[in-house]
Structures are given as structure tokens and as C-alpha cells.
Amino acid sequence: MVKELPVIYLQTAACSGCAVTMLNSASPTIKNVLIDQIVPGVHINLKFHPVVMAAAGELAIGVMEDTAKKQKGEYVLVVDGAVPTADGGVYGAVGERDGKPVTMQQRVIELSRDALAVIAMGTCASFGGIPAAPPNPTGCVSVQKALESAGIKKPLINIPGCPPHPDWFVGTVAGIILNGLPKPEELDDFLRPRAFYGKLIHENCPRRAYFDEGKFAKKFGDDGCLYELGCKGPITHADCPLRKWNGGTNWVIGAGAPCNGCTQPEFPNETAPFYEKLVDVDLPVVGAYWANKEVK
Amino acid sequence: MGKIVIDPVTRIEGHLKIECVIENGAVKDARATGNLFRGLELILRGRDPRDAQVIAQRICGVCPQSHGIAATLNLDSAFGIADKIPDNGRIIRNLIHGAHVIQDHILHFYHLAALDYVNVADVAAYSGNDSQLNSVKDFIQRGALEPFMPRYEGDYRLPPEANQQCVAHYVKALEMRRIGHEAVSIFSGKVPHSVGVVPGGVTSVPTVDNIMAYIWKIKILQDFVNNVYIPDVLAVAKAYGDYAGIGVGCKNLLSYGMYDLDGKSPDYATRERLFKQGTIGADLRPGALDTSKITEQVKHSWYEDATSGLHPSSGDTRPQAGKSGAYSWSKAPRYDGKVYEVGPLARVAVTYAKGDPRMKEMVDGALKALNATPAALFSVLGRHLARALSAKYIVDNLEGWALSLKPGQPAYVEYELPEEASGMGIIEGSRGALGHWIEIKNKKIANYQAVVPTTWNVSPMDDKGQHGPIEQALIGAKVKDEKNPFEVVRIIRSFDPCIACAVHCVTPKGRDLGQYRVV
């Protein structure tokens with residue numbers, strides 16, 4: 001007997017980058033996620049996913065609403081995108097009810113209320129991200145803020161990244177299946193799984209030795225640490241240097257580009273300008289070295 | 001008289017609603033409405049201009065490379081270095097964008113469009129030993145069939161063996177598009193939302209091992225495109241031959257061209273490109289591209305009428321929720337005042353009409369295999385065929401480009417940020433003509449405007465009451481069963497709409513939900 005774990009994947013104010021990154025999952029592959037038993041005896045029953053589902057219109061909305069009703073407390077809600085709240089949430093709608101559009105804000109609140117747990121997929125859902133950057137014309141907020149303002153308390157896990165690495169998502173889901181919901185100590189202050197976000201990019205960066213030796217790239221294509229070209233690795237929590245992206249092919253700094261801090265609550269506004277050096281104040285790890293050195 | 005409302009239209013990017021008025025079994029009127037607004041162009045204002053390519057990529061996670069490169073061309077042009085990018089930089093941009101567009105076309109045909117034509121249920125009767133198909137069979141037997149069911153019923157025409165093979169290819173294509181993204185990330189760090197393309201060139205320097213890794217990933221894609229994708233499109237086209245006359249649309253096509261073959265001209269509209277720049281009408285006669293003829297009209301969009309008809313370089317966005325007669329947040333881009341469709345069909349047809357010998361050979365060969373004339377290109381099948389041929393044309397060029405890189409030589413040129421400047425970046429995204437315009441003041445972004453492929457295709461009526469391309473393609477289509485409007489979604493999906501792109505640019509205030517209904 002195979003257990004079915006129902007999942008509703010809701011897209012709100014998003015760009016679909018998080019959905020596409022999921023398609024890039026390598027171990028398990030996205031085919032494994034959609035079709036196979038994700039771990040022995042458990043299959044993810046992806047009830048609603050706007051990018052891949054066969055159904056459209058009322059058929060699709062019907063499955064979403066039936067799942068929330070009939071499998072109350074059993075399904076995992078994944079929200080991909082920020083939640084528009086200005087002017088009653090009118091800047092984003094998903095489907096209709098009684099001939100009227102249902103706002104994304106309403107969907108997030110309704111579906112969260114009856115979910116087993118909520119996963120905020122990506123930086124928009126986790127922290128607001130790009131659509132919530134000033135002047136934030138649509139009043140976009142994170143899922144956490146949307147739930148708090150509706151008084152909903154529900155287990156919530158943030159999987160930030162613009163987009164997140166697919167492993168961070170499937171690894172988190174596999175953790176829920178194998179061990180249950182994460183214990184508080186397994187998440188950091190921003191509700192990110194420590195397993196993936198426990199260390200700074202800077203701590204594992206292969207260009208770290210250049211930093212320690214004071215060898216800095218002055219323009220793109222140079223060897224050296226990318227700190228002076230704007231790298232936000234010293235303040236960004238993620239395991240990109242070890243995990244690498246797209247099936248382990250490469251990662252940002254591997255392509256000679258500075259990290260832009262996309263897993264951080266500060267992204268994008270306080271990690272921009274992306275090609276300007278971080279302000280040298282209170283940098284963890286960084287400061288300890290330079291405190292005893294002359295800045296070169 | 002009935003009405004069909006499809007909300008959401010799925011298996012596209014983003015949130016789209018389509019309404020069709022049905023009379024005597026056919027679509028009498030059609031309206032397309034986007035359901036999401038984020039305001040990215042406003043978010044760009046006041047920022048460091050170099051950040052435009054980082055933020056603008058986030059307009060769309062399906063086509064971030066296209067936006068990143070359009071933004072970068074825009075910045076190169078504003079910074080006065082459009083003709084100074086080293087060949088290595090130009091070629092690596094082509095390699096990044098090439099692998100990206102190929103995987104995007106594969107994604108569209110197999111994962112977004114095919115479920116409208118292929119009956120997955122036939123795999124239940126599969127009796128062979130293909131492990132992938134047997135795992136699909138296990139899936140069907142377990143009985144929890146989402147996300148592949150429910151669906152609109154009726155009109156699945158392929159024989160069971162063909163359906164089984166197409167499902168096997170659906171699974172294979174998941175792997176192919178992932179490999180396509182791996183090829184992109186060799187030079188761009190990661191996908192989606194790459195980092196490798198910057199004003200001045202690219203961030204990495206080509207190395208022999210990167211070139212070889214790229215080529216061998218591309219060879220896998222080339223094999224798939226030539227031996228699986230193209231034959232599958234032709235097989236579907238044969239079984240659904242009537243769709244060569246369905247979803248015809250406006251018959252005006254516009255292409256900005258893509259893949260710079262040299263970087264000497266600072267004017268992208270005249271630069272030598274693999275896919276040619278230009279326009280074309282029903283007579284298949286090519287016309288030159290004059291970007292000054294582009295305007296955005298708003299009579300039927302929720303913006304003040306006074307802002308209608310502006311060129312994107314001086315574009316203005318003044319929302320007016322609930323404006324009488326308006327029904328969309330998408331503006332209506334027009335070229336020379338006329339309705340133009342953009343996309344793979346446009347760039348293939350323009351390149352074909354301009355006499356490119358290789359394109360002519362490919363298009364004529366495909367039309368011959370289908371026993372069709374060039375007029376059949378203006379259709380649902382024509383769009384799918386053009387998309388496949390677009391993929392083939394690109395994939396057949398990438399190895400040669402990769403081998404022309406000079407390892408160890410620069411791929412980036414330094415520049416000074418100007419105090420004041422303006423720029424334009426035009427390119428073809430997977431879904432068609434993509435233009436970015438920037439105005440810089442005091443070294444900050446003063447104005448940023450993107451006119452994206454889906455804004456053209458999903459546009460509402462314009463000031464003269466001309467319907468947008470998707471609306472025109474829907475009007476007149478027969479609908480057998482209003483509860484299962486598969487004809488309608490097949491027409492919409494042939495355009496591969498991308499709604500996050502189309503509706504990114506507004507600051508609506510005080511929108512009234514009651515006004516949102518279109519009757």
C-alpha cells in the first residue's frame with residue numbers, strides 16, 4: 001500500500017522561476033517527484049500545480065478546493081511567490097468563485113488554514129523578495145506576514161533563494177516524510193532549514209583563500225576574490241559552494257560572478273547595488289581577519 | 001449565446017483568464033485578461049543601472065536569460081559599448097541564450113502543450129519493458145492521477161502506441177530540458193536567474209573544458225531535437241491536420257532577430273543576426289524593422305487615455321481602474337498602428353521570407369512532409385512547427401559557435417557609468433520580440449520600460465478596436481462542447497503565453513473587483 005501525500009502548489013506574485021527550478025531537480029528527478037514513490041511507500045500526489053497540471057479553469061480550481069475540504073489537515077501547501085495585499089489584494093487572483101476572482105491573499109489564507117504545513121518556496125514567498133522591493137506598488141508581503149495578519153498559526157518552513165536550489169525543496173519534503181515536521185532547532189531565525197542554510201557562502205567559497213590573501217578581482221574575468229565586485233557571500237546563508245547548481249554543473253561564483261545574496265531577507269534592496277562592495281561593517285567572519293590587517 | 005470562462009489557463013507561465021462568447025458553436029468574441037501585477041519597472045527606478053539585468057531577469061523565471069540579455073544589450077547601448085563587446089562575450093551570450101531557448105521550446109511542446117493532444121491513459125495498457133513507461137503504468141494503477149487528471153475530455157486522436165511513445169518522450173524531455181539548463185549554467189553560473197551576462201560582456205573567460213562540456217551537452221539536445229522533437233511535431237500535425245487552419249490570427253508577424261553573428265554595429269535593428277529582423281504579412285513579403293513605429297495603446301486597458309500611443313522610450317503608466325470600456329491590465333503594443341503577432345513563427349517566417357537558404361530548406365522540407373503550403377504556417381500547427389524548427393536552427397549552430405571561442409582571451413570590456421544616457425535592447429525571447437528601454441539620470445535609472453512578447457500576443461483591443469493576436473486567433477474557432485473547450489486552450493497554448501512578463505509594468509490604485517468582470 002502506497003501512502004499519498006497530497007500537495008497543493010499555489011503560485012502567487014511570482015515569475016515561475018521557482019517552478020522551473022523544481023523541474024531541474026536531479027536527485028530525485030522531477031519525474032520521480034511527479035510519478036514515482038518519492039521514498040519507499042510514499043508518493044507525492046501533486047493535486048494542483050498551474051505549470052504542469054492537465055486541468056484548466058474550473059476543473060483545476062475544483063481539484064484545489066476539494067483537496068482542501070476532503071483532505072483537511074493532511075495536505076502540504078506550497079506557496080511560490082509573494083502575497084499582494086494592497087487595496088484588498090486585488091493585484092493578484094487565482095481562479096474564480098461565484099463568477100468573481102478570488103485574490104491570492106484569500107487563497108493563501110484559506111488553503112493555509114486547513115493545511116498540515118506550509119512551505120514558502122523561494123525568496124518572494126519567504127521574505128517578499130523582488131515584488132516587495134520599494135516602492136512595492138502591490139503591497140506584496142511574505143507568506144509569514146500574510147498568515148500573521150490573518151491570525152493563522154501553522155507550521156511554516158521558508159525555502160528562500162531566487163530561485164531556491166531544487167535540493168533544498170525536495171530535501172525538506174523528504175525530511176517531512178521521513179521524520180515529520182522539522183523541530184524548532186532544525187530551523188534558523190528566518191525559518192530556513194539549517195541543513196541547507198546553516199553556513200555562509202563565504203565560509204565554503206573556493207575563492208576564500210584569495211580573500212584571506214587580499215587578492216581581489218578588479219574586473220570580470222580576473223582571478224581573485226569577488227568581494228570588491230560586490231560579492232554578498234560574506235552575509236549570505238546557503239550551501240551553493242558545496243552543492244552547486246543545475247545538477248552540480250556550476251554556481252554563481254564558479255561563473256566569475258558575485259553572489260547577490262538571494263537567500264537573504266535583505267534581498268534585493270539591502271544586497272543591492274549588486275556590483276558594489278559591501279559596506280565593511282560587522283561582517284561575520286570577514287571582520288575577524290581584517291581587524292588585524294591593514295586594508296589593501 | 002453562451003460564455004466560456006477559463007480561469008486559470010494552466011500550463012503557461014503565470015495567471016491568465018480567457019473569456020469567450022460562443023454563438024452557434026463558434027467563438028464570437030474573445031477577451032484575454034492577466035491576473036497578476038507586480039510593478040517591476042517601477043521597482044527598477046532609482047537603482048544602479050547595472051542592476052537592471054539582475055532585476056529584469058526576475059520579470060520571468062521561464063525566460064530569465066532573454067530578459068537578462070535584452071537588459072544587458074540595453075545597458076551596453078546606453079553605456080556606449082554596444083559595438084565594443086569582445087567576440088568571446090558576444091559568442092558566450094549566444095551560447096547561453098541558445099541552450100536556453102532550445103530547452104524552453106522542448107518544455108513548451110512536451111510539458112505545456114502535449115497534454116492537449118496525447119492521451120496519457122493509454123499507458124495503462126502498456127505491456128513492454130520500458131522502465132519509464134512501466135513506472136507511469138504503476139502510477140496510473142495506484143489511482144491518484146493528479147496532476148495529469150482531470151482534463152478536458154474528447155478529441156484525443158493518436159493511436160495507443162503513439163500515445164505511449166509520446167508519454168515516454170514527455171518523460172525523456174524532462175531530462176532534456178534539464179540538460180539544456182546545465183549547458184546554460186556552464187557559462188552563466190545557474191539557471192533560472194543567471195549571473196553570467198553583464199554589461200561589457202560576460203563574467204567568465206572561456207576554457208577548453210567548458211567549451212567541450214557545453215558541446216557534448218548540446219549534442220545530446222541536437223540528437224533529441226532532430227530525432228524525437230521534430231518527428232513528434234510532424235506526427236501530431238498529421239493526426240491533427242485540421243489545426244493547420246485553426247487559430248489563424250492577425251497574419252502580421254514581427255521579429256527583432258536574435259543571435260548576433262557580429263558585434264560591429266551599435267544598432268541592433270540592423271546588426272547581422274542568425275534570425276533576421278523584420279516584419280511580414282499574409283503575402284510573406286518581408287519588410288524592414290523600424291523600431292520608431294512601436295507604440296503602446298491603452299483605450300481598452302485600465303490606463304488614462306492621455307498616455308495612449310506612446311513609444312516605449314517615452315512610455316508612461318498612469319492607471320485608471322474601472323475605466324469604462326477597458327478590460328485588461330495589459331497594454332496593446334502595435335507596430336505602425338497595426339496588430340502584430342510575435343514568437344517563433346514570426347522569427348522563422350521572417351528569416352524564411354528574407355531568403356535565408358538553410359531556413360528555406362528546413363521550412364519547405366517540413367511543409368512538404370505535411371503536404372502543406374506556407375499559408376498553413378499561420379495556425380496552431382504552424383506555431384508548433386515553427387517552434388520546433390526554431391529549436392533545430394539554433395541547435396545546429398551552437399557547436400560551431402562554441403568552437404569559435406578563443407580560450408583565455410577576454411570576454412569583457414570595462415566601461416564608465418554615464419551620468420545621463422538612454423538605451424534600447426532588442427532581441428527575440430523564446431516567445432518572441434522582446435524590447436527593453438532605459439533612461440539614466442544622475443547615474444540612476446530614471447525610467448525603464450520593457451515591451452515583452454506576451455504583451456504583444458495577449459494584448460486587448462487597441463484604440464481603433466482591433467483585437468489582439470490571441471483574441472483574433474480565438475474568434476471564429478469552433479467549440480464542440482462548451483464544458484470541454486479543448487479547441488480554445490489549444491489555440492491559446494500555441495502562443496506559449498507568459499503572463500508574468502505581460503503584466504509587469506503597472507501601478508494600479510483602487511481597482512474595483514466589481515469592474516473586473518467582463519460581460
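**Where chain A meets chain B**

Let's start with one small detail: R97(A) stands opposite K100(A), which sits in β7(A). Keep in mind that this is a predicted model.

So what's around that pair? Strand β7, residues 100-103 of chain A, runs antiparallel to β6(A), and three bridges join them. Together, β6(A) and β7(A) make a hairpin with two residues between the strands. Have a look at D98(A) in the turn: its phi is positive, about 50 degrees.

Okay, on to the other chain. Right by that hairpin in the numbering, we have E96(A), and K17(B) forms a salt bridge with E96(A). The closest N and O atoms there are 3.1 Å apart. How many salt bridges are there between chain A and chain B? The count is four. For polar contacts between the two chains, we get 32 residue pairs, both residues at pLDDT 80 or more.

Which elements of chain A give two or more residues to the side touching chain B? They are β1 (3-11), α1 (17-23), α2 (30-35), β3 (42-48), α3 (57-70) and β6 (93-97). The largest share, six residues, comes from α3(A). By residue type, that side of chain A divides into 48 nonpolar, 24 polar and nine charged.

Now the whole interface. On the chain A side, 81 residues are in contact with 82 residues of chain B. The two chains bury about 7,000 Å² between them, with 61% of that on carbon and sulfur atoms. And three residues to look for in the viewer: I35(A), Y91(A) and Y275(A) supply 9% of the area chain A buries against chain B, more than any other three residues.

Conventions
Residues numbered from 1 in each chain as written. Chains lettered and ligands numbered in written order. Predicted model: local features only at pLDDT ≥ 70, side-chain atom pairs only at ≥ 80, totals over all residues. Heavy atoms only, no water. Contact = heavy atoms within 4.5 Å. Buried area = accessible area lost by both parts, 1.4 Å probe. Salt bridge = Lys/Arg side-chain N within 4 Å of Asp/Glu carboxyl O. Polar contact = N/O pair within 3.5 Å; in protein donor to acceptor, adjacent residues only side chain to side chain. Helix = DSSP H or I, 4+ residues; strand = E, 2+ residues; numbered from the N terminus. Nonpolar A, V, L, I, M, F, W, Y, C, P; charged D, E, K, R; others polar. Pairing = 2+ DSSP bridges.
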